2 protein chains.
Amino acid sequence: MTAPTSPVVLLLSGGLDSTTLLAIAKGEGHDVYALSFRYGQRHSHEIDAARRAAEAWGVARHIVADIDLRMFGGSALTSALEVPKDRPIDTRSEEIPVTYVPARNTIFLSFALAWAEVLQARQIFIGVNALDYSGYPDCRPEYIAAYEQMANLATRAGVEDTGRITVRTPLMAMSKADIIRTGASLGVDYAATTSCYDPDANGAACGHCDSCQLRRAGFLQAGVPDPTRYAAA
Amino acid sequence: MTAPTSPVVLLLSGGLDSTTLLAIAKGEGHDVYALSFRYGQRHSHEIDAARRAAEAWGVARHIVADIDLRMFGGSALTSALEVPKDRPIDTRSEEIPVTYVPARNTIFLSFALAWAEVLQARQIFIGVNALDYSGYPDCRPEYIAAYEQMANLATRAGVEDTGRITVRTPLMAMSKADIIRTGASLGVDYAATTSCYDPDANGAACGHCDSCQLRRAGFLQAGVPDPTRYAAA
C-alpha cells in the first residue's frame with residue numbers, strides 16, 4: 001500500500017530509542033522528515049545528538065521546534081524538581097514518576113500531525129515503548145491507538161479521501177536490549193546518542209537516573225559494549 | 001460532580017466565539033485559566049483582544065504561548081497565501097478552505113491538556129462550532145469525542161483515579177446568531193472581539209473574508225446591532 005519512498009514524519013529526540021527508530025524507518029526506505037523539540041528540558045544537549053543522528057542517517061529535513069513547556073510547570077525534566085537517582089527500576093510500576101512531562105507525547109505528536117498533513121505524509125513514527133515506559137501514561141499502546149483514531153478525524157484524512165494516517169511504534173513491544181540489538185545490527189552509533197535525564201555540563205551521563213539505569217542494563221543484557229560516556233563519580 | 005469553583009482551562013482567541021465561551025464558563029462559576037497562542041497568524045491583534053477579554057472577565061490566569069506553526073507552512077492564516085474574499089458561504093460545504101491550519105485545534109487542545117494536568121483541572125473549554133465550521137475537520141463533534149477519549153488515556157487520569165477529563169464545547173450546536181444572542185445576554189462586549197482573517201493595520205475588519213461574512217450575518221440574524229469596526233472600502 002505504502003510507496004517505498006513515501007514521506008514519513010519521525011519524532012527524534014537524539015536518544016537511544018528514537019535514533020534506533022530512525023534507523024528502522026530508513027531501513028524501510030522512507031523519506032524521513034525528522035522533528036525535534038526544544039521544550040525547556042534540562043538536557044538540551046540532546047538536540048545536538050538529534051542533529052548528529054539526522055545528518056548521519058540522511059533525513060530529508062530536520063526541524064527543531066521551540067515550545068516552552070516550562071510555562072505550565074509540573075515536571076522534573078522542565079522545572080527545578082530533583083531528578084530521582086539510584087531508585088529501583090520496576091518497569092511494571094503503575095506509579096507515574098516525577099520526570100513525567102504532562103501531555104508531552106500528545107503535544108509532540110500533534111506537531112508531527114500538522115507537518116504530516118502539510119507533507120501529505122501518511123505515517124508518523126514515535127519511539128514509545130510499553131515495556132520500559134517507566135509508568136508514563138502516554139507510552140501505552142491503547143494511548144497510541146486512541147491518538148491515531150483522533151488524528152484521522154482531526155485532519156483532511158477525516159474529510160477527504162486521502163488515505164488513513166498511521167502512528168508507527170516499532171519499538172512498542174521491544175525490551176531495551178531488543179532495541180539495542182536491532183539498532184546495532186542496522187549500524188546505529190550509540191556513542192552519539194544520549195539518554196540521561198541529568199547529564200553534567202559536558203554532556204556526560206549521570207549513570208544513576210532511571211533512564212541511565214535502563215540504558216546500562218540494556219547494553220549488558222544485549223551483550224553489546226556500552227559506549228556511553230559516564231560522568232566521573 | 002464538579003465543584004462550582006473548579007479550575008478549567010479555556011482556549012481564548014479573542015474572537016466572537018471564544019469570548020462568548022469565556023462568558024459561559026464564568027457564568028457556570030469556574031476559575032478560568034485562559035490560554036492563547038501566538039502561532040504566526042497574520043491577525044496577531046487578536047492577542048490584544050484575548051487580553052482584553054481575559055481582563056474583562058476576571059480569569060485566574062492568562063497564558064499566551066508562542067508556537068510558530070509557520071515552520072510547517074500550509075495555510076493562508078500563517079503563510080503568504082491569499083485569504084479568500086467575498087466567496088459564497090456554504091456552511092454545509094465538505095471542501096476544506098485554504099484558511100484551514102493543519103492540526104491547529106489538536107495542537108491547541110494538547111497544550112490545554114498539559115496545563116489542565118498541572119492544574120488538576122478536569123474540564124477544557126473550546127469554542128468550536130459544527131454549524132459555522134467552514135469545513136474544518138477539527139471542529140466536528142466526532143473529532144472532539146475522539147480527542148477526549150485520547151486525552152483520558154494520555155494523562156494521569158488514564159492511570160490514576162483522578163476523574164475523567166471532559167472537553168466542553170457549549171457552542172457546538174449553536175448558529176452564529178445563537179452565539180451572539182447568548183453572549184449579548186451574558187454581557188459580552190462584542191466591540192472588543194475580533195474575527196477577521198485579514199484585518200488592516202489598525203485592526204479594522206475587512207468585511208469580506210469567510211469569518212467577517214459569517215459574523216456580519218450572525219448579528220443581522222440575531223437582531224443585535226453589529227459593533228464591528230470595518231475598514232473603509
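These legends walk through close-up views of a predicted model with chains A and B. Residues count from 1 along each chain as its sequence is written, while chains are lettered from A and ligands numbered from 1 in the order in which they are written. Because this is a predicted model, local features need pLDDT of at least 70 and side-chain atom pairs count only at pLDDT 80 or more, whereas totals for chains, interfaces and linings use all residues.

**View 1. Chain A as a whole.**
Chain A holds six helices and five strands; helices (H or I, at least four residues) and strands (E, at least two) are DSSP runs, numbered from the N terminus. Read from the N terminus, the order is β-α-β-α-β-α-β-α-β-α-α. Of the 233 residues in chain A, 49% are buried. Here a residue is buried if 20 or more other C-beta atoms lie within 10 Å of its own, exposed if 12 or fewer, and partly exposed in between, with C-beta atoms placed from the backbone. Among contacts in chain A with a separation of 6 or more, 71% join residues 24 or more positions apart. Two residues are in contact if their C-beta atoms, placed from the backbone, lie within 7 Å.

**View 2. Strand β2 of chain A and its two partners.**
Strand β2(A), residues 31-38, is mostly covered, with six of its eight residues buried. Strand β1(A), residues 7-11, runs parallel to β2(A) and is joined to it by five bridges; strands pair if DSSP finds at least two bridges between them. Follow A:Val9 across and you meet A:Tyr33 in β2(A). Between these two strands the chain passes through helix α1(A), residues 16-27, in a right-handed β-α-β crossover. Right-handed here means that, with the strands pointing away from the viewer, the path from the first strand over the helix to the second runs clockwise. Strand β3(A), residues 61-66, is also parallel to β2(A), and six bridges join the two. A:Tyr33 stands opposite A:Arg61 in β3(A).

**View 3. The matching strands in chain B.**
Look now at β2(B), residues 31-38, where six of eight residues are buried. Five bridges link β2(B) to the parallel strand β1(B), residues 7-11, and B:Val9 sits opposite B:Tyr33. Together with helix α1(B), residues 16-27, these strands form a right-handed β-α-β unit. Six bridges connect β2(B) to the parallel strand β3(B), residues 61-66, where B:Ile63 is the bridge partner of B:Leu35.

**View 4. Leu10 and the nonpolar cores.**
The largest nonpolar core has 122 residues, and A:Leu10 and B:Leu10 touch the most other members. A nonpolar core is a set of buried Ala, Val, Leu, Ile, Met, Phe, Trp, Tyr and Cys residues joined through C-beta atoms within 7 Å. Leaving aside neighbours within four places in sequence, the contacts of B:Leu10 include B:Leu21, B:Leu22 and B:Ala25, as well as B:Val32, B:Tyr33 and B:Phe125. A second, separate core of six residues includes B:Cys196, B:Tyr197, B:Cys206 and B:Cys212.

**View 5. Helix α3 of chain B.**
In α3(B), residues 104-119, 15 of the 16 residues are buried, so the helix is largely enclosed by the rest of the structure. The expected span of a helix is 1.5 Å times one less than its number of residues. For the 16 residues of α3(B) this should give 22 Å, and the end C-alpha atoms are 23 Å apart, which agrees. Just past the helix, B:Gln120 takes a positive phi of about 55°.

**View 6. B:Pro141 in helix α4.**
B:Pro141 belongs to helix α4(B), residues 141-154. With 13 other C-beta atoms within 10 Å, B:Pro141 is partly exposed. Not counting residues up to four places away in sequence, B:Pro141 touches B:Ala130 and B:Met172. The C-alpha atom of B:Gln213, 72 residues apart from B:Pro141 along the chain, is separated from that of B:Pro141 by 23 Å.

**View 7. Where chains A and B meet.**
Here 36 residues of chain A are in contact with 37 residues of chain B. On the side of chain A that touches chain B, β3, α3 (104-119) and α4 (141-154) each supply at least two residues, and α3(A) gives the most, with nine. A rotation of 180° with 0.0 Å of shift along its axis superposes chain A on chain B (RMSD 0.0 Å), which is the relation of a two-fold axis. The same surface serves both copies, since 100% of the contact residues of chain A recur in chain B. Superposition is by least squares on the C-alpha atoms of residues with pLDDT of at least 70 in both copies.
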